[in-house]
Amino acid sequence: MLLPTTYLRRKFRTFFMSDVPPSSTLARLDRSWDVKKTLKRVQRHKWNLYDVQYLLAFTIACFVFFVVTEPGVFVKLAIAAVFTLALLVPITSQFFFPFIPIGTWLILFYSCRFIPADWRPSISVRVLPSLETILYGGNLSNVLAAHNNSLLDVLAWIPYGLIHFGAPFVCSAIMFLFAAPGTLPVFARSFGYMNLIGVSIQLFFPTSPPWYENMYGLAPATYDIRGSPGGLARVDGILGLDLYTSSFTASPMVFGAFPSLHSGCAVIEVLFMAYVFPRLTPLLLGYVLWIWWSTMYLTHHYFIDLIGGAILSATVFYIASQNFLPAVQMDKASRWAYDYVDMGLRPSTKARLTKEFYVADEEWAISSSVESGNASPTDSPSSEWEIETLADNDESKSPLVSNTVSKLQLPKYNENYNEKYSEKV
């Protein structure tokens, strides 16, 4: 009798690995634990403006390190050491490099409670209600929340209090299995930068949510006012728990109504999922409308906040899809079926990558057994760039450098892009 793990492994191989192209290693992950490999990649890396993102993340991390008082300094040093080690070890760095924007957003959000009030700008109480009235003729949140009952409370709680927190993990798992190799790192970076920009806007332009207007009117707000669960307090009563009341009361970001990151997260998840699975677009749009309704019904956001979050996500997705996101091939059932990927949707930036080499700052391996003569789309101008394999014997045996590539053709459109995808490995 087969063990459950053996049975599942066989089923996995039957479903996902049955149509893998011969000798293709495009979807292969780096399983090396050798830190020297990462250090060599850093030495050979050609630094450009794209790498400013790492300087930004380091600057924010230093700010958080000094402004946060809990946990203590030794715990913070330990966390920094573990994260640095994860970036150095190849088997973990391929996941943690795309995670950098997400990690930066999370620590910045956590640090908001420790930032002194005299460092922060005054809180805007009137701007959002005024815009809401000018644009839509009234406060849509109050209109939707005027009539509530237990059924509506539960229907609002499901997307706002449950799906919102689990959706990024579910979407990531689905994209890892079924989307083109390289899609998940782009999603992770886009998701992280969208939230990081959103929290930065909330820090520099603090605004009060609808529950504040319901409790205090348009009276001036101060940073010593604690958060409120809004309509989620009724959900706590239904569940018989003190879950959302305590968590929202102690929220690090009380006055962060605009932009709505609940809306932003939902929209960017839906855009990526609709990109990978176009036929699911109507269902995915239904989820966005569902969470939009729930945020207003629970009095956590004005409608203008939702539009702001959606515009932010759409902008980030547009930049990612035009420059970095691998094109979907509808005849491929899983990531393992790909033997090449086209990067970016703009004709001037599209590059077909068909030979395996390691892009350190994107943290994925791109390869296949296709001949180097097919490395560039025939309908776009191109220029030749040398790709050299490492001279070390142990490196040449690495799954990330399995083929000796003399030249790879990439479209010529700007220096930064060409340097990024033609860096020596």
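## Rings, charges and helix H3 in a predicted model

Lys-76 is placed over the face of Phe-65, at 4.8 Å from the ring centre. The model is a predicted one, and a second arrangement of this kind is found in it, with Arg-335 over the face of Phe-176 at 4.4 Å from the ring centre.

Aromatic rings also meet one another, and the count comes to 24 aromatic pairs. One of them joins Phe-178 and Phe-277 in an edge-to-face arrangement, 6.4 Å centre to centre and with 65° between the planes. This pair links distant parts of the chain, since Phe-178 belongs to helix H8 (residues 150-178) while Phe-277 lies in the loop between helix H13 (261-276) and helix H14 (281-297), 99 residues apart. Phe-178 counts as partly exposed because its relative accessibility is 26%, and Phe-277 likewise counts as partly exposed, at 23% relative accessibility. Trp-211 and Tyr-212 form another edge-to-face pair, 6.3 Å centre to centre and with 65° between the planes; both of these residues are buried. In addition, Trp-105, Phe-187, Phe-191, Phe-272, Tyr-275 and Phe-317 form one aromatic cluster.

Helix H3 can be described in some detail. It has 16 residues and reaches 23 Å from its first C-alpha to its last, which is close to the 22 Å expected at 1.5 Å a residue. The buried residues of H3 are Gln-53, Tyr-54, Ala-57, Ile-60, Val-64 and Val-67. Because these residues cover an arc of only 160° around the axis, they lie on the same side of H3. An α-helix has 3.6 residues a turn, so residues three or four places apart point the same way. The buried residues of H3 pack against helix H5 (90-111) and helix H9 (183-204), whereas Leu-55, Phe-58 and Phe-66 are exposed on the other side of H3. For Phe-58, the relative accessibility is 56%, so this residue counts as exposed. Phe-58 and Thr-104 are 46 residues apart in sequence, and their C-alpha atoms are 8.5 Å apart in space.

Backbone geometry deserves separate attention. Most residues other than glycine have a negative phi, and most peptide bonds are trans. The table lists two peptide bonds that are cis.

| Cis peptide bond | Omega |
|---|---|
| Glu-70 to Pro-71 | near 5° |
| Phe-258 to Pro-259 | near -10° |

Each of these prolines can be placed in a loop: Pro-71 is in the loop between helix H3 (52-67) and helix H4 (73-88), and Pro-259 is found in the loop between helix H12 (244-249) and H13. Thr-299, although it is not a glycine, has a positive phi of about 60°. Thr-299 is located in the loop between H14 and helix H15 (303-323), and this residue counts as buried because its relative accessible area is 9%.

A further loop residue is Ser-32, in the loop between helix H1 (4-16) and helix H2 (35-44). With a relative accessible area of 16%, Ser-32 is buried. When residues up to four places away in sequence are not counted, Ser-32 touches Lys-37, Val-89, Pro-90 and Ile-91.

Technical notes: Residues are numbered from 1 along each chain as its sequence is written. This is a predicted model: local features need pLDDT of at least 70, side-chain atom pairs count only at pLDDT 80 or more; totals for chains, interfaces and linings use all residues. Side-chain values use heavy atoms; hydrogens and water are left out. Rings of Phe, Tyr and Trp (its six-membered ring) pair if their centres lie within 6.5 Å; planes under 30 degrees apart count as stacked, over 60 as edge-to-face and the rest as tilted. Helices (H or I, at least four residues) and strands (E, at least two) are DSSP runs, numbered from the N terminus. Buried means under 20% relative accessible area, exposed over 50%, partly exposed in between (1.4 Å probe, protein chains only). A charge sits over a ring if NZ of Lys or CZ of Arg is within 6 Å of the ring centre and within 35 degrees of the ring normal. Contact means heavy atoms within 4.5 Å. The expected span of a helix is 1.5 Å times one less than its number of residues. The arc is that of the directions from the helix axis to the C-beta atoms.
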